[in-house]
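Colleague: I should like to understand the terms used for this structure. Please show it to me before we begin.

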Amino acid sequence: DLLGELIDSFLQETPPLLLELHRCLEEGDAAGLRQAAHPLKSSSRDFGAIQLSELARELEEMGKAGVLDGAAIRVVRVEDEYAWVKTALEAIRSGEYLWKEEL
């Protein structure tokens, strides 16, 4: 099932990106932050995870501008939103459907 494979790929590729966002914050690496946020922005939007995509876009723009002030709180928000997206995608993959309001 193609959708299941796409979901699995997203769920496997995202945690390393989250770790990379943290590493970049710790090291003050704005360019790295931009590079880690970009694929997260795109893949999140592909799944309709608009809030997650928007947060990643903000981080990408901050990294591009070389501004890290406020990035840490956005990374926390990305992690929180990813947790919801992960739960939703796992439910879709297993044939169960959850809406954000039900969580």
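The following conversation takes up some descriptive terms and the reasons for them.

Modeller: Please bear in mind that this is a predicted model.

Colleague: Why is Phe10 called buried?

Modeller: Phe10 has a relative accessible area of 3%. The term applies under 20%, so Phe10 is buried.

Colleague: What makes Phe47 partly exposed?

Modeller: The relative accessible area of Phe47 is 27%. Buried requires a value under 20% and exposed a value over 50%; Phe47 lies in between and is therefore partly exposed.

Colleague: How many aromatic pairs does the structure hold?

Modeller: There are two aromatic pairs. In one of them, Phe10 and Phe47 are 5.1 Å apart, centre to centre, with 55° between the planes.

Colleague: Why do Phe10 and Phe47 count as an aromatic pair, and why is the pair called tilted?

Modeller: Ring centres must lie within 6.5 Å, and 5.1 Å meets that limit. Planes under 30 degrees apart would be stacked and planes over 60 edge-to-face; 55° is neither, so the pair is tilted.

Colleague: What does the pair of Phe10 and Phe47 tie together?

Modeller: Phe10 belongs to helix α1 and Phe47 to the loop between α2 and α3, so the pair ties together parts that are 37 residues apart in sequence.

Colleague: How do you know that Phe10 and Tyr82 form an aromatic pair that is tilted?

Modeller: Their distance is 6.1 Å centre to centre, and the angle between the planes is 55°. The distance is within 6.5 Å and the angle is neither under 30 nor over 60 degrees, so both terms apply. Because Phe10 lies in helix α1 and Tyr82 in helix α4, this pair ties together parts that are 72 residues apart in sequence. Phe10, Phe47 and Tyr82 form one aromatic cluster.

Colleague: Why is Thr14 called buried?

Modeller: Thr14, in helix α1, has a relative accessible area of 1%. This is under 20%, so Thr14 is buried. Leaving aside residues up to four places away in sequence, Thr14 touches Leu40 and Tyr82.

Colleague: Which residues have the most contacts inside the largest nonpolar core?

Modeller: They are Phe10, Leu21, Leu40, Leu52, Leu59 and Val78, in a core of 23 residues. Helices α1, α2, α3 and α4 each supply at least two residues of this core, and α1 gives the most, with seven.

Colleague: What does Leu52 touch?

Modeller: With residues up to four places away in sequence not counted, Leu52 touches several residues, including Phe10, Leu40, Val78 and Tyr82.

Key: Residues numbered from 1 in each chain as written. Predicted model: local features only at pLDDT ≥ 70, side-chain atom pairs only at ≥ 80, totals over all residues. Heavy atoms only, no water. Core = buried A, V, L, I, M, F, W, Y, C linked by side-chain atoms within 4.5 Å. Buried < 20%, exposed > 50% of the residue type's maximum accessible area, 1.4 Å probe, protein only. Helix = DSSP H or I, 4+ residues; strand = E, 2+ residues; numbered from the N terminus. Contact = heavy atoms within 4.5 Å. Phe/Tyr/Trp six-rings, centres within 6.5 Å; stacked < 30°, edge-to-face > 60°.
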